[in-house]
Amino acid sequence: MKIAILGASEPHLPLYLKARDMGLETYCIAWAEGAFCRDYADHFFDISITEKEKIADLCAKEKIDGIVSNALELAVPTMAYVADKCGLNGISYQAALRAVSKKEMRKRIEQTAVCRQPGFTVLRQGDPVPEIFPAVIKPTDSSCSNGVSKVSCAEEVQAALERAWAASASDEIMMEEFIDGREISVESISFHGRHYVLAITDKETTGAPYFVETAHHQPSSLPDAIQEEVRNTVRDLLDALELTDGASHAEFKITDEGEIYFIEIGARGGGDCISYDLVQLSTGYDFVKGMIEVALDRFTVPEAVAGNYAGIYYLSQDTSYVRDFILKNRDKNWAIRWKIDDVPLKSLKRSQDRSGYIIYKSDHKIII
Ligand SMILES: Nc1ncnc2c1ncn2[C@@H]1O[C@H](COP(=O)(O)OP(=O)(O)OP(=O)(O)O)[C@@H](O)[C@H]1O
Ligand SMILES: [Mg+2]
């Protein structure tokens, strides 16, 4: 069978290795620049992953059996479009477009009322800004916390607006009620409208104003009753957003009162090594294989989970102690992988400012 894989930068290597492992003929589609994975594919096409028509034509001509990608927001609409056009398994193009717009997601959840979410206002250039604080100002179409800021008073609004506009390709940005609480994400896989929640991930972030993630841990330490409610909420959200097939990564804030607030969902596995590494390390479920199976329309239902602890700590100026932690522990049997970039540490304003990490798997949560 033949599988098209969108995106070829180094983090996506697990998709290519797994597809090869599964005996598939692989079609790598990405810009040539930085296409690290092209050497691991049977065929390479130098096409931007946003060129949905070109990719649909190619997949039709080559009689591709499935199209897959992961942790890449830009690939979500293309994957859906190609699947629609070529009769392959996937979500609808309409659902994909909604899932890459924070505004459209919020509108849908408002209509269907399946989950609590922050109050929100969509802003165009020059619109009056509601004076309701604290609030979060963010692009409707961005990721990696680019352009996201918390504002506590009117004086902070202008700088936050400028940051959001600078990170946005759209003519709209959003202002949301700020929800205080713990942050989690939920990693799931869906097939033909059935949803399998695989893991709940606890996050550590820099907090306000920029909320860059500094660590992830699975399983979550939230009380079981809240975790159960989170799982049910995610299934309802996936239904409401018509995310019937493929991996997903949903983000929530949980208040001290245990109320669950929807932040956003990605119609793809989570970045930050969550979908490529942590889910399989903590649960034993081969998430990447699952994504490929869904694309090929021949899914095996996930089995009972392994019950390990897994996590990642990121190095940055804000978490400079992680460097010593890595150097001291890199040879331990629980240290799965680590990296320290040879660059000066940066203060975190977005995910790309991080400069190293260590991933662990253990029978307990590793706390620095
Ligand atoms: N309404 C809100 N209330 C409280 N915190 C929020 C709110 N909106 C966003 N945040 C915080 O900002 C972070 C980034 O926001 P959001 O997920 O909307 O942007 P993003 O660009 O998709 O970021 P990422 O790719 O890191 O998930 C959230 O994970 C959360 O910590
Ligand atoms: Mg997010």
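Analyst: Two residues count as being in contact if their C-beta atoms, placed from the backbone, lie within 7 Å. This is a predicted model, and in it six residues of domain 2 meet that condition with eight residues of domain 3. On the side of domain 2 that touches domain 3, the residues divide into two nonpolar, three polar and one charged.

User: Which stretches of the chain are domain 2 and domain 3, and what separates their centres?

Analyst: The domain assignment gives domain 1 as 2-88, domain 2 as 119-177 and domain 3 as 182-362. Taken over C-alpha atoms, the centres of domain 2 and domain 3 are separated by 26 Å.

User: How do you know where ligand 1 lies with respect to the domains?

Analyst: Domain 2 and domain 3 both give residues to the shell around ligand 1, and therefore the ligand lies between them. The shell holds 22 residues, and the closest are Pro 118, Ser 143, Glu 176, Ile 179 and Phe 211. At least two residues of the shell come from each of strand 6, strand 8, strand 12 and strand 13.

User: What makes up the shell around ligand 1, in terms of nonpolar, polar and charged residues?

Analyst: Its residues divide into eight nonpolar, six polar and eight charged.

User: Why is helix 2 called oblique to helix 3, rather than parallel or perpendicular?

Analyst: Helix 2 (residues 52-61) and helix 3 (residues 75-86) pack at an angle of about 45°, with their axes 9 Å apart. Roughly parallel needs an angle under 35 degrees and roughly perpendicular needs 65 to 115, so an angle that fits none of the named ranges counts as oblique. Helix 2 is therefore oblique to helix 3. The crossing of helix 2 past helix 3 is right-handed.

User: Which residues of helix 2 and helix 3 meet?

Analyst: From helix 2 come Lys 52, Ile 55, Ala 56, Cys 59 and Ala 60, and they meet Pro 77, Thr 78, Tyr 81, Val 82, Lys 85 and Cys 86 of helix 3. The residues of this contact divide into eight nonpolar, one polar and two charged.

User: What makes helix 1 roughly perpendicular to helix 9?

Analyst: Helix 1 (residues 13-21) and helix 9 (residues 287-296) pack at an angle of about 70°, and their axes are 9 Å apart. Since angles of 65 to 115 degrees count as roughly perpendicular, helix 1 is therefore roughly perpendicular to helix 9. Pro 14, Leu 15, Lys 18 and Ala 19 of helix 1 make the contact with Val 288, Lys 289 and Ile 292 of helix 9. The residues of that contact divide into five nonpolar, no polar and two charged.

Terms used:
Residues numbered from 1 in each chain as written. Chains lettered and ligands numbered in written order. Predicted model: local features only at pLDDT ≥ 70, side-chain atom pairs only at ≥ 80, totals over all residues. Axes fitted to C-alpha atoms, helices over the stretch in contact; angles between N-to-C directions. Helix = DSSP H or I, 4+ residues; strand = E, 2+ residues; numbered from the N terminus. Parallel < 35°, antiparallel > 145°, perpendicular 65-115°, else oblique. Left-handed = near helix turned anticlockwise from the far one by under 90°. Nonpolar A, V, L, I, M, F, W, Y, C, P; charged D, E, K, R; others polar. Near = placed C-beta within 6 Å. Domains from an automatic or database assignment.
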